[in-house]
Amino acid sequence: MKNFKMTLRGLIILFMIGMVFTTLGSMAFLFINFDIRSGEHSMVIKNPYLWFALFMVIIIIFYMILVLLMNRYIFDPIFAMRKAAEHIQSGNLNYPIEYDADNEIGAFCTEFDKMRIRLRDTILEQHEIEKRRKRLIASITHDLRTPLTSIKGYVEAIQDGIVKDQDTYEKYLATIAEKADQLNHLIDDLSVYTKQELGEFTLNLERLNSGKILSSYFDHKIDEFKYSHIHLELRKPFISTYINVDPYRFNQILENLIGNAKKYAHTKIVVSTKVIDYHLQIAIQDDGDGIPTDVLDSIFDPFFMVNKVKDQKEKGGSGLGLAIVKQLTERHGGKITVESGIGLGTTFTIDFPLDI
Ligand code: ADP
């Protein structure tokens, strides 16, 4: 009996049965005790009209209770839902249905309210995507226009004969070439990013040994660091397990992260591996200035740069590298995280599920 719970349908059926039995019972009582033919009545019924009135009162009370119950359990929630539906129709998705009774209608209202919340979240998400798309277009336009304007300026200066000496002329040409390279780099990154964003690229996944693929990438990389003031420290042996990756894209991820670390490190970069919860984690740590903690959430956004002027001019960046890396890692079923802070250096960790 402890778990007994009367459903609304059960309650209404019980009431109906109660009413039918009361009506039948009262009719039977009157018939048994009142002889219609003789017009006489038994001793039980002194006054049949009084009894009839009493039964009528009982039935009316039954009906009143039923109407009250229906009002409370059926019409009130329907009214609440209608009000909520009107709000939704007029675009207000923040209006909740205030009815949480523990019965069928209550459950229906809860589901309806969940639908409202889902709809609201989807719309908010779409607004966010739309806002991001607009920001992206604004950034693309700005980043393409800046080097183009400066190329145009230098070309016009040469055409107008402002440049007289050979040294300045060559300096101008070098700047034009540099700006054209910057544009090229930006367009390359943009093309990769949009292709990935539109899903217009396929991953040729292979089950590869992590130790082997990492060693083969870093054996080449170490040569590149021979003449650099930055020391590339590889915590070997790299963990040897199996992951499902596209080797070309995997190298692209490493290339971006090592490229960034090399740009921002002061003296060294450390690469290490570990396995946690059936996931291979590859950490790339540098001892650079670090990234302010308040912008860490934006670091994977396309075109985001901590210091746009410096990062673009001195480091030749487009701000798309980490957005590309994030897309690629996630397409592999993995994830990327960052730990950083001013003066603390930066560690990017990519995480791939094992295939064992
Ligand atoms: P880009 O393609 O121009 O290198 P990213 O998307 O790779 O751009 O990086 C975005 C910004 O994140 C960079 O402009 C830089 O400000 C910051 N950043 C990335 N990696 C590091 C790092 N290892 N240390 C410090 N800052 C970094």
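Biologist: What percentage of the 356 residues in the protein chain is buried?
Modeller: This is a predicted model, and the values here are computed from it. A residue is called buried when its relative accessible area is under 20%. Among the 356 residues of the protein chain, the buried share is 34%.

Biologist: What is the radius of gyration of the protein chain?
Modeller: The C-alpha atoms fill a box of roughly 135 × 60 × 40 Å along the principal axes. A compact globule of 356 residues would have a radius of gyration near 21 Å. For the protein chain the value is 38 Å.

Biologist: How far apart are the centres of domain 1 and domain 2?
Modeller: The chain is divided into domain 1, residues 4-99, and domain 2, residues 202-356. Their centres are taken over C-alpha atoms. The separation of the two centres is 72 Å.

Biologist: Which helix gives the most residues to the largest nonpolar core?
Modeller: The largest nonpolar core has 49 residues, and Phe-218, Phe-250, Leu-257, Ile-269 and Val-271 have the most contacts inside it. The helix that gives the most to this core spans residues 247-264 and supplies six residues. That helix is H6.

Biologist: How many residues are in the second, separate core?
Modeller: This core is separate from the one with 49 residues. Its members include Ile-97, Ile-105, Cys-109 and Phe-112. The number of residues in it is ten.

Biologist: Which residues from 284 to 286 does Ile-269 touch?
Modeller: Residues up to four places away in sequence are not counted here. Ile-269 touches a set of residues that includes Phe-225, Ile-230, Leu-232, Ile-258 and Ala-261. In the stretch asked about, the residues touched are Ile-284, Gln-285 and Asp-286.

Biologist: Is Gln-196 buried or exposed?
Modeller: Gln-196 lies in helix H4, residues 166-197. Beyond its neighbours within four places in sequence, Gln-196 contacts Phe-201, Arg-249, Gln-252, Ile-324, Gln-327 and Leu-328. Its relative accessible area is 6%, so Gln-196 is buried.

Biologist: How many residues of strand S9 are buried?
Modeller: Strand S9 covers residues 346-353 and is mostly covered. Of its eight residues, the number buried is seven.

Biologist: Which residue in S9 stands opposite Ala-283?
Modeller: Strand S7, residues 279-286, runs antiparallel to S9, and eight bridges join the two. Opposite Ala-283, the residue in S9 is Thr-349.

Biologist: What is the phi of Gly-343, in the turn between S8 and S9?
Modeller: Strand S8, residues 335-340, pairs with S9 in the antiparallel sense over six bridges. One of the paired positions is Ile-336, whose bridge partner in S9 is Ile-350. S8 and S9 form a hairpin with five residues between them, and the phi of Gly-343 in the turn is positive, about 80°.

Biologist: Which residues make up the covered face of S5?
Modeller: In a regular strand the side chains alternate between the two faces of the sheet. Strand S3, residues 206-209, runs antiparallel to S5 and is joined to it by four bridges, with Arg-207 opposite Asn-244. The uncovered face of S5 has Tyr-242 and Asn-244, while the covered one has Ile-243 and Val-245.

Biologist: Which residue does a cis peptide bond join to Lys-236?
Modeller: The omega of this bond is about 0°. The partner is found in the loop between strand S4 (231-234) and strand S5 (242-245). The residue joined to Lys-236 is Pro-237.

Biologist: Is Tyr-278 buried or exposed?
Modeller: Tyr-278 is found in the loop between strand S6 (268-276) and S7. Its phi is near 60°, a positive value in a residue other than glycine. The relative accessible area is 62%, and the cut-off for exposed is over 50%, so Tyr-278 is exposed.

Biologist: Is Phe-303 buried or exposed?
Modeller: Phe-303 has a positive phi of about 70° although it is not a glycine. Its place is in the loop between S7 and helix H7 (308-313). The relative accessible area is 4%, so Phe-303 is buried.

Technical notes:
Residues numbered from 1 in each chain as written. Heavy atoms only, no water. Core = buried A, V, L, I, M, F, W, Y, C linked by side-chain atoms within 4.5 Å. Buried < 20%, exposed > 50% of the residue type's maximum accessible area, 1.4 Å probe, protein only. Contact = heavy atoms within 4.5 Å. Pairing = 2+ DSSP bridges. Domains from an automatic or database assignment. Rg over C-alpha atoms; globule rule 2.2 N^0.38 Å.
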